[in-house]
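Biologist: Please give me a close look at a single part of this model, the metal site, and then set it against the strands and the fold that make up the rest of the chain.

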Amino acid sequence: MRILLKSMDEIRLMREAGLVVSGILDEVCAMVAPGVSTWELDRKAAQLIEKHRVTSAFLGYYGYPAVLCTSINEVVVHGIPRKDHVLKDGDIIGIDFGIFREGFCADSARTILCGDVIESTRKLVDVTRESLDLAISHCRAGNRLGDVGAAVQNHAEKHGYSVVKTFVGHGIGTKMHEDPPVPNYGVPSGGKRMKHGLVIAVEPMVNAGASDVEVLDDEWTAVTKDKSLSGHFEHTIAILDDGPWVLTRASSRPGDPGRD
Ligand code: MF3
Ligand code: CO
């Protein structure tokens, strides 16, 4: 498959999709609390999808049955929302969400703390978020995908964690998954060179223990083999000549190109 670079007009459309994703994730993440089921989170996201007149990127994707992936504690990614999966105090939950708007996809994930979470668990979530921020700082035309992967891997391993290798980030556009694959590991200056107009979803998955994962009998839920906790963050990012544009982040922050 070929890498499809996007025009500025296309990227502006993807930004609109990204803002819808970010706004819906804000509302769903704000519901996270002990006693709430992952099914309730999914229903809320489904209602907001209707309100915004967009479509889910996940529902029906290879038969996936929901609009969110809800991945609690040792679940790495692709946890399926269920009425009997009820959040408890001290849990962490990865909430992954993607939509299509005017033909373009945006995809983002956050790991949220539920109630009082012990320090070591908060640390894992912080390091995973930081690894995505570091990766984003390498998302510049002329840099290579190895720079992005190495930023994630080095940060995670520096803290004694491991990165998941069986799932990777991806190009994104009129399809949710496009070329190139975007691994959360690599060597600086290795891999493909990023060009202006490349749009990728970078999604570090960081495990407190070993990197091995296994998929449960439902054929979706991916868990750490050693049952250690796992964090996951994801943003859809446009690579532009003057730096990264984080399409699924609501407002630009110091250091981001000020386009909003
Ligand atoms: N963010 C995930 C990914 O990029 C979501 C896919 S879940 C699926 O692969 F249900 F749509 F498969
Ligand atoms: Co993704």
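Modeller: What follows starts at the metal site and then moves outward to the strands, the cysteines and the chain as a whole.

This is a predicted model, in which local features need pLDDT of at least 70 and side-chain atom pairs count only at pLDDT 80 or more, whereas totals for chains, interfaces and linings use all residues. Residues are numbered from 1 along each chain as its sequence is written, chains are lettered from A and ligands numbered from 1 in the order in which they are written, and side-chain values use heavy atoms, with hydrogens and water left out.

The cobalt ion (ligand 2) has as its protein donors Asp107 (OD), His170 (NE2), Glu203 (OE) and Glu234 (OE), at 2.0 to 2.3 Å. Donors here are N, O and S atoms within 2.8 Å of the metal (3.2 Å for Na, K and Ca), and sites may look incomplete because water is not among the atoms. The angles among the 6 donor atoms of the cobalt ion (ligand 2) run from 64 to 174°, and the site is irregular. That is the label for anything that is neither tetrahedral (four donors, all angles between 85 and 135 degrees) nor, with opposite donors over 155 degrees apart and all others between 65 and 115, square planar (four) or octahedral (six). Along the sequence, the donor residues follow the spacing D-x62-H-x32-E-x30-E. His170 belongs to strand β7 (residues 169-171) and Glu234 to the loop between β13 (230-232) and β14 (235-240), so this pair ties together parts 64 residues apart in sequence. Helices (H or I, at least four residues) and strands (E, at least two) are DSSP runs numbered from the N terminus. His170 and Glu234 are both buried, where buried means under 20% relative accessible area, exposed over 50% and partly exposed in between, with a 1.4 Å probe and protein chains only.

Among the strands, β4 (residues 92-101) has 8 of its 10 residues buried, so it is largely enclosed by the rest of the structure. β4 pairs with strand β5 (residues 104-113) in the antiparallel sense over 10 bridges, pairing being assigned if DSSP finds at least two bridges between two strands. Within that pairing, Asp96 has Ala109 in β5 as its bridge partner. The two strands form a hairpin with 2 residues between them, and Glu102 in the turn has a positive phi of about 45°. Strand β2 (residues 68-72) also runs antiparallel to β4, joined by 5 bridges, with Thr70 opposite Ile95. Strand β1 (residues 55-56) adds an antiparallel pairing with β4 over 2 bridges, in which Ser56 is partnered by Ile99.

The chain has 0 disulfides, a disulfide being a pair of cysteine sulfur atoms within 2.5 Å. Cys105 is in none, since the nearest cysteine sulfur, in Cys69, is 12 Å away, and Cys105 counts as buried at 0% relative accessibility. For Cys139, the closest cysteine sulfur is that of Cys105 at 17 Å, too far for a bond, and Cys139 is likewise buried at 0%.

Taken as a whole, the chain has 4 helices and 15 strands, and 53% of its 260 residues are buried.
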